[in-house]
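Q: I am new to this structure and would like a close look at a single part of it. Could you walk me through one loop and its surroundings, step by step?

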Amino acid sequence: MKKVLERLKKLNPEEIDPNTLKAELSKVDFSSVEYMDYLKGEELDSYFRVSLMDFPVRVFLNVWPAQFQLPAHQHKNFWGYIAVLKGLLTETSFVFEEEESKLSCHPPKSFRKGEVVFEPLNVIHHLQNPSPSKPLVTAHFYFPTVTDYNGVKIFDIRNRRITELNEKATSISLDHPEGYYREVKENAFSVVNLW
Ligand SMILES: [Fe+2]
């Protein structure tokens with residue numbers, strides 16, 4: 001992983017776009033990258049993040065215990081890539097049609113160790129470790145290097161609610177205190193399965 005970070009450090013921020021970052025990441029075999037040193041012997045039974053680099057690309061590791069999931073969310077202010085280092089990652093993506101308040105759900109896709117997932121700007125997706133027993137470890141490469149989730153929308157599928165985070169939010173979660181949300185819309189959408 002050190003080599004990857006050194007390479008990314010040399011990138012000119014003005015030239016970073018999804019293609020240039022993809023070209024850099026495609027030089028790496030993420031199925032054999034060393035990352036355990038960064039986890040410092042921590043147990044992999046809780047969700048946590050280890051920051052590796054802040055500039056010019058924001059890089060961190062995420063540990064996902066068995067079954068851990070992030071609610072469906074829309075990034076408004078950054079895009080990037082997720083590399084699977086250990087375990088399995090399941091992504092379900094959605095399309096939101098605002099005029100009809102309709103959230104359409106694509107079939108879930110799973111990514112194995114070594115695979116890289118693109119997270120485009122404005123994508124709406126749900127991410128989960130689908131394993132009933134094994135942890136998942138992912139590496140995240142994001143640009144621009146924002147550190148808050150201001151403007152990120154969370155689609156609470158069970159309650160049909162859209163919650164927008166504000167600048168205090170440093171994680172994608174519905175468990176923040178009240179002052180971390182910009183807006184909550186009730187009865188905000190219906191869900192349509194595309195599969
Ligand atoms: Fe995301």
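A: Happy to help! Let us begin with a term: two residues are in contact when their heavy atoms lie within 4.5 Å. Please keep in mind that this is a predicted model.

The residue to find is Asn166, which sits in the loop between β12 and β13. Is Asn166 buried or exposed? Its relative accessible area is 9%, and buried means under 20%, so Asn166 counts as buried. Which residues does Asn166 touch, once neighbours within four places in sequence are set aside? The contacts are Tyr149, Asn150, Gly179, Tyr180, Tyr181 and Arg182.

Arg182 from that list leads us to the strands on either side of the loop. The side chain of Arg182 meets that of Glu164 in a salt bridge, at 3.6 Å from N to O. Glu164 belongs to strand β12 (residues 161-165) and Arg182 to strand β13 (residues 181-185), so this pair ties together parts that are 18 residues apart in sequence. The two partners can also be described by their accessibility. Glu164 is buried, with a relative accessible area of 15%, while Arg182, at 45%, is partly exposed.

How many salt bridges does a search of the whole structure find? There are seven, and a few others make a useful background to the pair we just visited. Glu97, Glu100 and Lys102 are joined into one network by salt bridges that share partners. Within this group, Lys102 pairs with Glu97, the closest N and O atoms being 3.8 Å apart. Lys102 is partly exposed, with 26% relative accessible area, and Glu97 is partly exposed too, at 30%.

Another salt bridge links Glu24 and Lys27, where the closest N and O atoms are 3.0 Å apart. Here Glu24 is buried, at 14% relative accessibility, whereas Lys27 is exposed, at 53%.

For a last stop, look at the surface. Val192, Leu194 and Trp195 form a nonpolar patch there, with about 310 Å² of accessible area together. One of these, Leu194, is found in the segment after β14 (190-193), and its relative accessibility of 46% makes Leu194 partly exposed.

To return to where we started: Asn166 is a buried residue in the loop between β12 and β13, and Arg182 is among its contacts. Arg182 in turn forms a salt bridge with Glu164.

Key. Residues are numbered from 1 along each chain as its sequence is written. This is a predicted model: local features need pLDDT of at least 70, side-chain atom pairs count only at pLDDT 80 or more; totals for chains, interfaces and linings use all residues. Side-chain values use heavy atoms; hydrogens and water are left out. A salt bridge is a side-chain nitrogen of Lys or Arg within 4 Å of a carboxyl oxygen of Asp or Glu. Buried means under 20% relative accessible area, exposed over 50%, partly exposed in between (1.4 Å probe, protein chains only). Helices (H or I, at least four residues) and strands (E, at least two) are DSSP runs, numbered from the N terminus. Patches are made of residues with over 30% relative accessible area and no salt bridge: like charges are joined within 9 Å, nonpolar side chains (Val, Leu, Ile, Met, Phe, Trp, Tyr) within 5 Å. Accessible areas come from the Shrake-Rupley method with a 1.4 Å probe; for residues, only the protein chains shown count as cover.
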